[in-house]
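Notebook open, viewer running. I'm jotting down what I look up as I go.

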Amino acid sequence: MFDKRYCRLVWALTVLSLGLLAIWQMSGCPGPPPVKERRHGLPTLTPDKYKPILLNNITTVTIPFRLNSLHTTDDYTKLIDLDEFSFTTTVNLCNTSNPLVIALVHSAPNHFHYRRRIRSTWGQPLDLVFLVGETNSTDEKEKIDAEIKEYGDIVQGTFIDAYRNLTYKHIMGLKWVTYRCPRARYILKTDDDIFVNTPYLMEVLNHNLSPLGGRRLILCNVMEGVRAKRTYRSKWRVSPIEYPDRWYPNYCAGWVILYTPDVVFSLYNEAQRRPYFWIDDVHITGTLMTLTNFTHTDIAELSEIKSNEIDNVIANGGPVEFLFALVNQEQFPKIWDLVLKTQTTIPKV
């Protein structure tokens with residue numbers, strides 16, 4: 001008798017546990033991130049993923065920006081579902097040059113210190129553009145206007161700068177490249193709290209990739225097996241109406257992405273004809289990517305996001321072996337000083 005009751009109790013607890021686990025999974029709790037094998041050095045770039053432009057094939061490379069293939073004649077004044085979009089500033093970085101790489105840095109209107117920090121460190125040798133939306137603050141607007149006059153490196157669009165408008169900002173950057181900087185050979189999308197090891201970036205572009213550019217490349221930290229968050233506790237909660245599927249397609253972590261121009265144009269063109277979704281990295285480099293014939297390339301250990309690892313590099317006096325890093329305000333100038341110690345001259349690209 002005792003044994004039967006004990007078995008029933010164990011069975012009931014097992015069923016209850018499985019039921020709770022199913023409810024927890026359906027709630028969108030992310031759990032631990034998927035474990036990936038960590039690799040050293042630049043990832044292997046296979047021909048189906050990246051096609052470098054070389055002297056022996058430059059005449060056969062297709063033009064990446066075919067504006068006549070855009071699906072609407074009023075494309076320039078449209079941003080996804082905004083029918084009266086316009087740039088409120090003019091940046092003329094690409095009028096007289098063919099930049100090796102153009103850096104599109106997502107920034108907030110009130111991040112004046114972040115932008116100054118980048119201009120005085122890793123952004124010095126690069127063609128640099130900060131992407132911002134509009135602000136309702138009169139004081140911020142006056143300061144941004146003054147900053148635009150002083151530096152001329154801010155691209156601003158006619159939408160309110162807000163967290164749920166990040167997809168507008170990302171596509172605005174791709175639109176700006178499409179219309180204003182079509183001769184850029186690579187496009188780096190990043191955020192204003194990210195450190196870029198500029199000399200290392202130049203080495204990768206010139207020697208590991210190609211100084212003439214390439215096609216079919218979207219290099220990033222690839223996110224795999226990520227579930228759409230349904231719990232109200234999550235900052236990234238999406239309702240089943242916003243995103244009906246349970247799982248996101250593989251996508252790029254949005255903090256740093258290196259594009260070739262054909263990928264920029266293809267994703268931009270797709271975004272202009274699809275419904276808006278506010279999580280920009282999932283939407284642009286995930287959902288829209290599935291509509292193209294491009295494939296992600298994982299950046300492997302060229303990036304570093306662990307603060308303690310960056311502290312160890314600083315404490316040991318280098319070397320700075322990562323290409324991109326998420327750093328705090330104290331680490332930022334220290335890492336740049338270490339870069340300068342090993343690279344005394346950084347050529348303008």
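**Entry 1: charges over rings.** I started with arginines and aromatic rings. The charged end of Arg 119 sits over the ring of Tyr 151, and I noted 3.8 Å from the ring's centre. Then I looked up Arg 237, whose charged end sits over the ring of Tyr 232, 3.9 Å from its centre. I should remember that I'm looking at a predicted model here.

**Entry 2: how confident is the prediction?** The pLDDT averages 87 for the protein, and 85% of the residues score at least 70. Residues 20-40 are another story: there the pLDDT is below 50. I still counted up what that stretch touches, and beyond near neighbours in sequence it has 26 contacts in the model.

**Entry 3: rings with rings.** How many aromatic pairs are there? The count comes to 12. I picked Phe 159 and Tyr 168 to check: their ring centres are 5.8 Å apart and the planes stand at 40 degrees, so I wrote this pair down as tilted. To be stacked, the planes would have to be under 30 degrees apart, and to be edge-to-face, over 60. Phe 159 and Tyr 168 are both buried. I also found a cluster, in which ring pairs link Tyr 76, Phe 85, Phe 87 and Tyr 179.

**Entry 4: the nonpolar cores.** Which residues have the most contacts inside the largest nonpolar core? My list reads Trp 122, Tyr 186, Leu 188, Phe 195, Leu 205 and Phe 324, in a core of 47 residues. Helix H5, residues 198-209, gives the most to this core, with six residues. I zoomed in on Leu 205 and skipped its neighbours within four places in sequence. What remains in contact with Leu 205 is Leu 100, Val 101, Tyr 186, Ser 210, Pro 211 and Leu 258. Apart from this core lies another one, of 39 residues, including Leu 70, Phe 159, Cys 220 and Val 263. Phe 159 is an old friend from the tilted pair with Tyr 168.

**Entry 5: a three-stranded sheet.** Next I traced an open sheet of three strands, ordered E6-E12-E11, with mixed pairing. Why do E6 and E11 each have a side without a neighbour in the sheet? Strand E6 (194-196) and strand E11 (303-304) stand at the edges and have a single partner strand each, so one side of each stays free of a neighbour in the sheet. E11 pairs with strand E12, residues 324-326, in the parallel sense over two bridges. Glu 304 stands opposite Ala 325 in E12. Phe 324, from my core list, falls within the E12 residues too.

**Entry 6: backbone oddities.** Just for fun, I went through the backbone angles. The peptide bond from Gly 318 to Pro 319 is cis, with omega near 0 degrees. Pro 319 lies in the loop between helix H8 (307-315) and E12.

Then I looked for positive phi values in residues other than glycine. Ile 80 has one, near 60 degrees, and its place is the loop between strand E1 (51-52) and strand E2 (101-106). Arg 216 has one as well, near 70 degrees, in the loop between strand E7 (214-215) and strand E8 (218-223).

Is Arg 216 buried or exposed? At 16% relative accessibility, Arg 216 counts as buried, since the cut-off is under 20%. Ile 80 is buried too, with a relative accessible area of 4%.

How values were computed. Residues numbered from 1 in each chain as written. Predicted model: local features only at pLDDT ≥ 70, side-chain atom pairs only at ≥ 80, totals over all residues. Heavy atoms only, no water. Core = buried A, V, L, I, M, F, W, Y, C linked by side-chain atoms within 4.5 Å. Buried < 20%, exposed > 50% of the residue type's maximum accessible area, 1.4 Å probe, protein only. Helix = DSSP H or I, 4+ residues; strand = E, 2+ residues; numbered from the N terminus. Contact = heavy atoms within 4.5 Å. pLDDT = per-residue confidence, 0-100. Pairing = 2+ DSSP bridges. Phe/Tyr/Trp six-rings, centres within 6.5 Å; stacked < 30°, edge-to-face > 60°. Lys NZ or Arg CZ within 6 Å of the ring centre and 35° of its normal.
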